[in-house]
Amino acid sequence: MHELAVTEGILKTAIEASQKNGARPITAIHLVIGELSSIVDDSIQFYFDLLSKGTLAENAALRFRREPSVAICRDCAHQFNATAPLEPQCPQCGSARLQVKGSREFFIESIEVEDENTRR
Ligand SMILES: [Zn+2]
């Protein structure tokens, strides 16, 4: 499954980030998923629960945010929501020179680790 590989990548990145910060337990991982992505949140959560057992990320909460994809026409600057399947041309002027923002499949926005810094 696609989601399994994605989840492995998320877990690896999160653990590496935690290790660079004193290997503190990870409490939450904030993920942004592009609206054009086929990734299913529930599948990621399912694999994450399995894979994270015994790691620094065990019990970490996954927080998903869907990022809308917006296409911008380079010729007339018209903006429109990009939904799958992606329109190949600008609905306003017909230009094919489109730029899609937020089309990345997913990325990790931030990672929260346990705060050991209670004494200041
Ligand atoms: Zn246009």
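Is Lys12 buried or exposed in this structure? Lys12 counts as exposed, because its relative accessibility is 52%, and exposed here means over 50% relative accessible area, buried means under 20%, and partly exposed is in between, with a 1.4 Å probe and protein chains only.

Hi everyone, a word on the model before we go on. This is a predicted model, where local features need pLDDT of at least 70 and side-chain atom pairs count only at pLDDT 80 or more, while totals for chains, interfaces and linings use all residues. Residues are numbered from 1 along each chain as its sequence is written, and side-chain values use heavy atoms, with hydrogens and water left out.

Let's stay with Lys12 for a moment. Its side chain meets that of Glu16 in a salt bridge, at 3.4 Å from N to O. By salt bridge I mean a side-chain nitrogen of Lys or Arg within 4 Å of a carboxyl oxygen of Asp or Glu. Both Lys12 and Glu16 lie in helix α1, four residues apart, which is about one turn of the helix. Helices and strands are DSSP runs numbered from the N terminus: H or I with at least four residues for a helix, E with at least two for a strand. Glu16 is partly exposed, because its relative accessible area is 36%.

How many salt bridges does the count come to? The count comes to four, and I'll show you two others besides Lys12 and Glu16.

Here is one of them: Asp41 pairs with Arg66, and their closest N and O atoms are 2.9 Å apart. Asp41 lies in helix α2 (residues 41–51) and Arg66 in strand β2 (residues 61–67), so this bridge ties together parts that are 25 residues apart in sequence. Asp41, at 22% relative accessibility, is partly exposed, and Arg66 is partly exposed too, at 34%.

Next comes Glu109 with Arg65, where the closest N and O atoms are 2.6 Å apart. Glu109 belongs to strand β6 (residues 106–113) and Arg65 to strand β2, so the parts tied together are 44 residues apart in sequence. Glu109 is partly exposed with a relative accessible area of 43%, and Arg65 is partly exposed with 38%.

Now back to helix α1, to look at two buried residues. Ser18 sits in this helix, which covers residues 2–20, and Ser18 counts as buried because its relative accessibility is 0%. What does Ser18 touch, not counting residues up to four places away in sequence? Its partners are Ala23, Arg24, Ile26, Leu56 and Val113, where a contact means heavy atoms within 4.5 Å.

Ala14 is also placed in helix α1, and Ala14 is buried at 0% relative accessibility. With residues up to four places away in sequence left out, Ala14 touches Ile26, Ile29 and Ile111. For a sense of scale, the C-alpha atoms of Ala14 and Asp42 are separated by 19 Å, with their positions 28 residues apart along the chain.

On to the metal. Which protein donors does the zinc ion have? They are the SG atoms of Cys73, Cys76, Cys90 and Cys93, lying 2.3 to 2.4 Å from the zinc ion. Donors are N, O and S atoms within 2.8 Å of the metal (3.2 Å for Na, K and Ca), and since water is not among the atoms, sites may look incomplete. The angles between the four donor atoms are 107 to 113°, so the arrangement is tetrahedral; four donors earn that word if all angles lie between 85 and 135 degrees. Along the sequence, the donor residues follow the spacing C-x2-C-x13-C-x2-C. Cys73 in strand β3 (residues 70–73) and Cys93 in the loop between β4 (79–81) and β5 (98–101) link distant parts of the chain, 20 residues apart. Cys73 is buried, at 2%, whereas Cys93 is partly exposed, at 41%.

Pro88 is in the loop between β4 and β5 as well, and Pro88 is exposed, with a relative accessible area of 62%. Among residues beyond four places away in sequence, Pro88 touches Ser95, Ala96 and Leu98.

Last, the aromatic rings. A search of the whole structure finds one aromatic pair. The rings of Phe46 and Tyr47 have centres 5.5 Å apart and planes at 65°, so this pair is edge-to-face. Rings of Phe, Tyr and Trp (its six-membered ring) pair if their centres lie within 6.5 Å; planes under 30 degrees apart count as stacked, over 60 as edge-to-face and the rest as tilted. Tyr47 is buried, with a relative accessible area of 16%.

Thanks for listening!

Notes
Tetrahedral: all angles 85-135°; square planar, octahedral: opposite > 155°, others 65-115°.
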